[in-house]
Every structure is written in C-alpha cells, then in structure tokens.
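Reader: I have a new model open on my screen, and I would like to practise reading it with you. Could we go through it feature by feature?

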Amino acid sequence: MDVDSFFREVSEHFLGGDTTEASLIAGLRCLRRFMPADRLHLALFDPGQDHYKLIAMVTEEGAVRTNRVLPFRSDEVAVLLSRETGTGRFLGKTGDPVSRGIIRHDSKWGAYCGMSVELEYRNVRGSLSVHAVGEGRYTDEHLQLFTTLRVLFSKLISDLVQEDTLARLKSEAPEPHDLSAAGDRIVSASDIVGADAGLKHVMGMARQVSHFDSPVILLGETGVGKEMIAALIHQLSERRSGPFVPVNCGAIPETLIDSELFGHEKGAFTGATAQKKGVFELADKGTVFLDEIGEMPLNAQIRMLRVLQEKKVQRVGGTRPVDLDIRVIAATHRNLDEMIESGRFRSDLWFRLHVFTIMIPPLRERKGDIPILVEHFLEKKSKQMNIPVPLAAHAEALSPLMNYDWPGNVRELENVVERALILSRGRPLAFHSIVRGEEADALSAPSFEPGEDLSLDGVTAAHIRKVLKLTKGRINGSGGAAEKLGINPATLRNRMNRLGVPYGRGIF
C-alpha cells in the first residue's frame with residue numbers, strides 16, 4: 001500500500017466530519033479498509049500526575065469523549081517519558097504501559113493486539129492507539145502506515161485539550177453565557193487579507209459607516225468573512241472600548257433563543273436558577289453582531305424589532321425594560337426579500353436593519369486574492385501546527401486553486417491549505433490532488449442561462465444537484481454527496497426537502 005495514498009485518504013475522513021466525534025467514526029471506518037481496527041484510543045499524558053487520561057474512545061458503534069484516568073506505576077512513567085515523539089510500536093497485554101493501564105481498567109478485554117504512536121504538539125503529549133481482537137494481526141507494513149497519522153493526531157489532541165479547557169472555563173464562569181470576553185477582538189485593516197485588492201470597495205464602505213451608530217447589514221455567502229468585517233466596523237467606531245458580541249442566530253435552538261438574546265429572570269422557567277443577561281445586555285456600550293439573522297424565528301423577530309426601535313430589552317419573566325446603548329450589525333447569506341414574500345421574515349424588521357448594506361463578494365469573484373490568502377494561511381497554519389513555514393507556493397502549484405470556484409469561499413481555502421500542509425510532510429506544496437480533475441470541473445460554477453434562478457436558494461439547489469449527479473445520487477458514505485459538501489447527511493436531506501431537490505434511486 002502506498003503510504004501517501006493511505007495518509008491522504010484516511011486523513012480526509014478524520015478531518016471531514018461536522019463534529020469531532022463524526023470525524024473520528026468516519027476515520028475509523030476508513031482505517032478498517034487498510035488494517036484491523038476494532039477500537040481507537042486517544043490519550044493525554046500528564047507527567048506531573050503520573051497518569052494517562054483517555055480523552056476519546058472510538059468503535060464502529062460510535063465515538064465518546066471521556067476523562068477516564070489510567071494511573072501508572074513509577075517504572076511505567078519512566079518508560080513513557082523516555083519515548084520519542086512519533087515513535088510507533090506494537091502493543092500487547094504485558095508489553096506496554098498504555099495497554100496495561102487499559103486492561104487494568106477494563107477487565108472484559110480478552111485476547112487482543114494493537115499499535116500506538118507517541119504524539120506531541122505545543123507541549124501537549126499523548127498517544128494514539130488502535131486495537132483489534134485476537135493476537136498477532138498487525139504487520140510491519142501496518143505499523144508504518146499507522147505511524148504516519150502522528151502529524152494529524154498531534155494537532156487534534158491539542159485542539160481537544162483547548163476545547164476541554166474552554167468548556168471548563170465557561171462552566172466555571174459566573175455568567176455562563178457571557179460572550180463579551182470571547183467576542184472582544186482588535187481587528188485592523190491589515191488583518192483583512194485582500195483589503196487593498198478584492199475587498200477594497202468593502203473596506204471603504206466599512207470605514208464610511210463605522211463613525212455612525214446606524215444599523216448595518218452584511219450580505220454574502222457563507223465563509224466570505226462577514227464576522228471579520230463586522231469586528232472591523234466596531235474597532236473603527238467610537239464604541240471600540242466597549243464589547244463586540246457575536247452570536248450565530250442559526251446555532252441557538254428555537255426554545256432557547258429568547259433567553260439567549262434577551263436574558264431571563266430567576267424563576268422565569270424551569271431551570272432558571274439565576275438571573276441571566278442576554279446578548280443585547282452583554283453588548284451594552286458596544287456592538288452586537290447577529291450572524292445568520294435570516295434563521296431567527298418570527299417570535300424573536302418581534303422582540304428584536306422593539307430593541308431596535310426603543311433601545312430597550314425586557315428579560316424573559318421580567319416586568320421592567322432595561323435601557324440599552326448598543327449598535328446592531330446583522331449578516332445573512334439568504335435572500336431576505338424572498339423570505340419576506342413567503343412570510344418567513346418580517347418586513348418591518350428588514351426596514352429597520354436595511355439602513356446601510358455591504359455586499360461581500362465571494363472568493364470566485366476575487367480570485368486575484370488567492371495567492372496572498374494562501375501565503376497568509378500558510379504562515380498562520382504553520383504556527384498553529386508547530387512546523388516550519390514553507391516557501392510560498394509558485395504560480396504553477398496555485399493553478400488548481402485559481403481554476404476552482406470555491407463554493408465554501410475563504411473558509412474552504414483555509415481548510416485546503418491546512419490539508420496541503422499535512423499531506424506535504426516537508427515536501428513542496430501541491431494542490432493538484434486536493435482540488436483537481438472531474439470533481440473540480442463538476443463543482444465549478446457554470447455560466448448562467450437566461451431565466452435561471454439566481455437567488456441564493458436557487459444557486460444552492462443547483463449546486464446540490466450537480467454534486468448529486470457527480471455521486472450518481474448517493475448521499476451517505478465515502479464519496480457521497482454529504483461528504484463532498486462537508487455536511488451531515490441528515491442536514492443535507494433536510495435542506496433538499498426545503499429547496500425541493502428530489503432524491504432517490506434512479507433520479508440522477
């Protein structure tokens with residue numbers, strides 16, 4: 001088996017899920033095509049505490065985040081400390097401290113074998129291990145292939161540690177949903193790549209409106225950088241010393257949106273054990289950024305209208321309004337005119353927001369920014385991955401990127417650069433194997449036909465149909481439409497139902 005092909009295929013599955021758990025499950029299933037793999041363990045080593053902590057366990061049935069502690073004897077700790085990062089080894093019941101720690105904790109295991117590789121990233125140490133029922137099932141070739149995953153999982157284990165730390169800090173904070181600290185950021189024009197090129201017009205409009213308190217609405221496809229522009233407007237305004245509070249309206253469950261946006265009083269409902277300020281109060285003297293405002297339910301839109309009209313908010317269960325001093329910036333990728341016509345968005349709220357509109361162009365309309373974006377992401381990702389910054393990619397290497405139409409915009413380009421760094425392993429960067437051939441051609445935007453639906457929903461539906469045609473109608477599994485679009489299969493089906501895109505055998 002070719003090592004590069006193995007790494008490319010397996011890493012795409014481990015990186016491709018909507019969540020960490022989904023990625024781990026998809027990766028394990030892919031790994032099983034190349035070697036025995038019944039269980040995958042990701043463990044964190046704390047030399048000061050003399051123990052390993054299992055932070056993820058993956059089987060065919062599912063992936064579980066855990067904090068299971070595996071204590072070690074002093075002689076076992078010495079063995080673990082002496083190991084070099086990236087070293088791969090075979091595991092057995094008696095031949096490895098990690099295996100013994102797992103067996104001591106879980107006596108149900110019978111005969112088994114395994115492999116492990118030591119991980120380290122930004123002073124975070126740990127191990128990745130794979131196990132299979134039976135003995136002697138792994139070969140030297142299996143170990144060589146498995147060891148190549150150290151680069152991928154070294155960063156993943158660091159990301160998981162950061163996630164756990166942020167979750168712990170959030171749970172310990174006196175105001176669990178206080179987003180002001182997380183939202184505060186200092187953004188300057190120099191932070192926005194393309195400010196003097198493809199985004200020059202956008203930057204001019206942002207500077208122009210920043211000196212006023214008028215509402216702003218940012219329009220553009222997902223992944224074009226709407227939050228970055230909103231943060232810049234805040235930073236250029238007189239409110240820069242106040243909080244910048246971003247919130248994704250589409251990420252809040254409908255049953256919680258009133259509480260999250262407007263706050264609640266103690267005892268307002270079951271589980272309201274204390275008074276909580278909502279997003280608008282947290283943004284007082286600053287700016288609130290309402291991303292994906294098109295996803296806001298109608299009942300919340302009514303209360304939102306009062307906030308804009310009266311600059312007051314009333315907490316759920318409250319009897320007195322609270323005065324506010326805020327500026328509102330909203331954003332959406334949807335066609336709000338169509339949503340108003342269909343009754344899904346209030347026209348009076350739209351008129352309140354539609355004071356100053358900035359349209360942010362998609363990456364396919366400013367391809368001249370791609371070389372400087374690639375250079376920016378190479379430097380950024382190299383620092384995050386703790387690897388030397390590679391030389392800037394030459395024009396020929398960038399050709400596949402320039403010929404691709406980037407349905408995922410700048411966010412997709414950032415992911416492609418990170419994947420190229422992982423796959424390069426110190427060799428010259430190449431993008432032809434990431435964006436190329438039939439897939440790149442099939443996903444490129446065609447020229448528009450007369451009378452074609454050019455609304456965002458219409459373009460989205462057309463794009464989904466093209467991907468389904470490419471996958472011959474298959475939604476699930478490796479190479480399916482959901483995987484290519486980078487979303488959960490259930491989410492894709494729901495979106496197809498809403499957009500009226502048919503699916504089933506024989507349609508494509």
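Reader: Let's begin with the surface. What does the accessible surface of the protein chain come to?

Author: About 24500 Å², and 51% of that area belongs to carbon and sulfur atoms. Keep in mind that this is a predicted model.

Reader: And how much of the chain is buried?

Author: Of the 508 residues in the protein chain, 48% are buried. On contacts, take those with a separation of 6 or more: residues 24 or more positions apart account for 67% of them.

Reader: How many helices and strands should I look for?

Author: The chain has 21 helices and 13 strands.

Reader: Could we take one helix as an exercise? How far does α2 reach?

Author: Helix α2 covers residues 20-31, which is 12 residues, and spans 16 Å from its first C-alpha to its last. That is close to the 16 Å expected at 1.5 Å a residue.

Reader: Which residues of α2 are buried?

Author: Start with the general idea: an α-helix has 3.6 residues a turn, so residues three or four places apart point the same way. In α2, the buried residues are Thr 20, Ser 23, Leu 24, Ile 25, Gly 27, Leu 28, Cys 30 and Leu 31.

Reader: That list includes Cys 30. How many disulfides does a search of the whole structure find?

Author: A disulfide is a covalent bond between the sulfur atoms of two cysteines. Here the search finds zero. Cys 30 counts as buried because its relative accessibility is 1%. Cys 113 is buried as well, with a relative accessible area of 6%.

Reader: Now the charged side chains. How many salt bridges are there?

Author: The count comes to 19, taking a side-chain nitrogen of Lys or Arg within 4 Å of a carboxyl oxygen of Asp or Glu. Try Asp 213 and Arg 239, whose closest N and O atoms are 3.0 Å apart. This pair links distant parts of the chain, 26 residues apart: Asp 213 is in the loop between α8 and β7, and Arg 239 in the loop between α9 and β8.

Reader: Which residue is the other partner of Arg 239?

Author: Asp 325, and in that salt bridge the closest N and O atoms are 2.7 Å apart. Asp 325 lies in the loop between β11 and β12 and Arg 239 in the loop between α9 and β8, so the pair ties together parts that are 86 residues apart in sequence.

Reader: Are these three residues buried or exposed?

Author: Arg 239 is buried, because its relative accessible area is 8%. Asp 213 counts as partly exposed at 44% relative accessibility, and Asp 325 counts as partly exposed at 31%.

Reader: Where could I find a salt bridge between helices?

Author: Look at Lys 381 and Glu 414, whose side chains meet at 3.2 Å, N to O. Lys 381 sits in helix α15 and Glu 414 in helix α17, 33 residues apart. Both residues are buried. They also belong to a network of salt bridges that links Lys 380, Lys 381, Glu 414 and Glu 418.

Reader: To finish, is Arg 320 buried or exposed?

Author: Arg 320 is exposed, because its relative accessible area is 69%. You will find Arg 320 in the loop between β10 and β11. Leaving aside residues up to four places away in sequence, Arg 320 touches Val 313 and Gln 314.

How values were computed:
Residues are numbered from 1 along each chain as its sequence is written. This is a predicted model: local features need pLDDT of at least 70, side-chain atom pairs count only at pLDDT 80 or more; totals for chains, interfaces and linings use all residues. Side-chain values use heavy atoms; hydrogens and water are left out. Helices (H or I, at least four residues) and strands (E, at least two) are DSSP runs, numbered from the N terminus. Buried means under 20% relative accessible area, exposed over 50%, partly exposed in between (1.4 Å probe, protein chains only). Contact means heavy atoms within 4.5 Å. Accessible areas come from the Shrake-Rupley method with a 1.4 Å probe; for residues, only the protein chains shown count as cover. The expected span of a helix is 1.5 Å times one less than its number of residues. A disulfide is a pair of cysteine sulfur atoms within 2.5 Å.
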